[in-house]
Amino acid sequence: MSTARGGKEMKVAYITPRYGPEVIGGAENAVRMLAEALVEHEGASVDVLTTTALSMATWGNHYEAGTSSINGVTVRRFPVDKTRAPDFLRQSQRHLLTPFGRTRDESLEYLKLQGPVSEGVLEAVIGSSHDVICFYPYLYHPIVHGILSSPGPSVLHPAAHDEPALDLPIMAEAFARVDGLAYQTAAERQVVESRFPVAQKPRIDLGMGFRAFGGAVSDVRAKFGLGEDPFLLCLGRVDVPKGSTLLVELFSAYSQRNSSSLRLVFAGPVATALPDAGGVIVTGEVSEQDKWGLLQECLALVSPSPLESFAIVLLESWSCAKPVLVNADCEATHEQVMQSGGGLAFDGFESFEAAVKRLVADARAARSMGLAGRAYTRGRYQWPNLISRYRAFLESVISLRTSREPG
């Protein structure tokens, strides 16, 4: 049983812009797993304070406002008062082209334009009596304003990578205000600590716990018309910032130079339409049964995104003993691959072509990489040990903050 403040049950709140099993996103998936694991493995009392939004493209109200329970976690949803500005992408350019030159007020304007704005979430933070409030991820209005108004011990899970928004002046204020920082990788910690003087705060390189799917999987080859062809799999949101278009371009060039029946499957919600290309299949959002069926059948998983703080999809692929291919420009996923020996990295077409040719031609090497990744996942990302470390970290933050408070 997890305890804090004189042996009482630990009461933890998570602040996140959207929440629920329907939400497709790395950070949102991570906060949900953490919240549920604290309840399951540590007996903590966990509340999530979030908005009624589902889509990050608009931040429009979707869920009913009010309180519900999801897998033992109490979820309190508050209405969105201001959604994403229709011309946010255009307006954001003047802030992000020169983030260092923005004022504090301009930084706050950027957050408001991006959305979601929810006064209900902020009022719940101000009125919180939780032992610790955890904010996840750094980028949004409820997070930054919540940190600046939090009455008690606070922890930030930045889920940060090297991007212009991290250099907006308001971010330095927010990072200075939190009592502790939970990183997913050492690469993420280096990105943050190279910008902000936070190295003396309590911190943890946590990673993310993992639980493999235990149910029956779909016959994905029949469902998606794959036949017996080998295929590469890209899981997650289909969008330009996620490297989706880049991957199509690399795969098309590979197909033109190499006679092969290899296909490329994108499985996830489509935010940006991909260019037409031979051998490319876009399934759209898939069920868990479909996702795990694709993972079991694929030749390898590809993570083309240059901007990730951690990639749970790598762990999912490795749990099926499948190798991965990552973008070398992404320090976090590259770190995971180098530490595990579970795959390869590309930094352009030549290295992409060489990696794919190796995966296609050398089944023994591909299997060896997949098994190395599985061993790495089992050794580092099993929930009981990870969540125990996390609980101890939260308690250290609570203890340090309490010791500094008068009286």
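Helices (H or I, at least four residues) and strands (E, at least two) are DSSP runs, numbered from the N terminus. The model is predicted: local features need pLDDT of at least 70, side-chain atom pairs count only at pLDDT 80 or more, and totals for chains, interfaces and linings use all residues. Residues are numbered from 1 along each chain as its sequence is written, and side-chain values use heavy atoms, leaving out hydrogens and water.

**View 1. The whole protein chain, with 15 helices and 16 strands.** Its radius of gyration, taken over C-alpha atoms, is 21 Å. The globule rule (2.2 Å times the number of residues to the power 0.38) gives 22 Å for 407 residues, so the chain is as compact as a globular protein of that length. The C-alpha trace spans about 75 × 50 × 40 Å along its principal axes. Buried residues (under 20% relative accessible area, 1.4 Å probe, protein chains only) make up 56% of the 407.

**View 2. Trp59 in the loop between S4 and strand S5 (66–70).** Trp59 is not a glycine, yet its phi is positive, about 60 degrees. At 0% relative accessibility, Trp59 counts as buried.

**View 3. Helix H4 (residues 119–126) and its packing.** Gly120, Val121, Leu122, Ala124 and Val125 are the buried residues here. They pack against strands S3 (11–15), S4 (45–51), S6 (73–78) and S7 (132–135), and against helix H5 (141–149). Contact means heavy atoms within 4.5 Å.

**View 4. Two cis peptide bonds, at Pro116 and Pro137.** Gly115 and Pro116 are joined with omega of about -5 degrees. Pro116 sits in the loop between helix H3 (104–114) and H4. For Tyr136 and Pro137, omega is about -10 degrees. The loop that holds Pro137 runs between S7 and H5.

**View 5. Leu233 in the largest nonpolar core.** A nonpolar core is a set of buried Ala, Val, Leu, Ile, Met, Phe, Trp, Tyr and Cys residues joined through side-chain atoms within 4.5 Å. This one has 64 residues; Tyr14, Leu233 and Tyr390 have the most contacts inside it. Beyond its neighbours within four places in sequence, Leu233 is in contact with residues including Val265, Leu294, Cys298 and Val302. Another core, of 42 residues, lies apart from it, with Ala85, Ala124, Ile133 and Val144 among them.

**View 6. Ala321 in the loop between H11 and strand S15 (324–327).** Phi of Ala321 is near 60 degrees, a positive value in a residue other than glycine. At 2% relative accessibility, Ala321 counts as buried.

How values were computed
Buried < 20%, exposed > 50% of the residue type's maximum accessible area, 1.4 Å probe, protein only.
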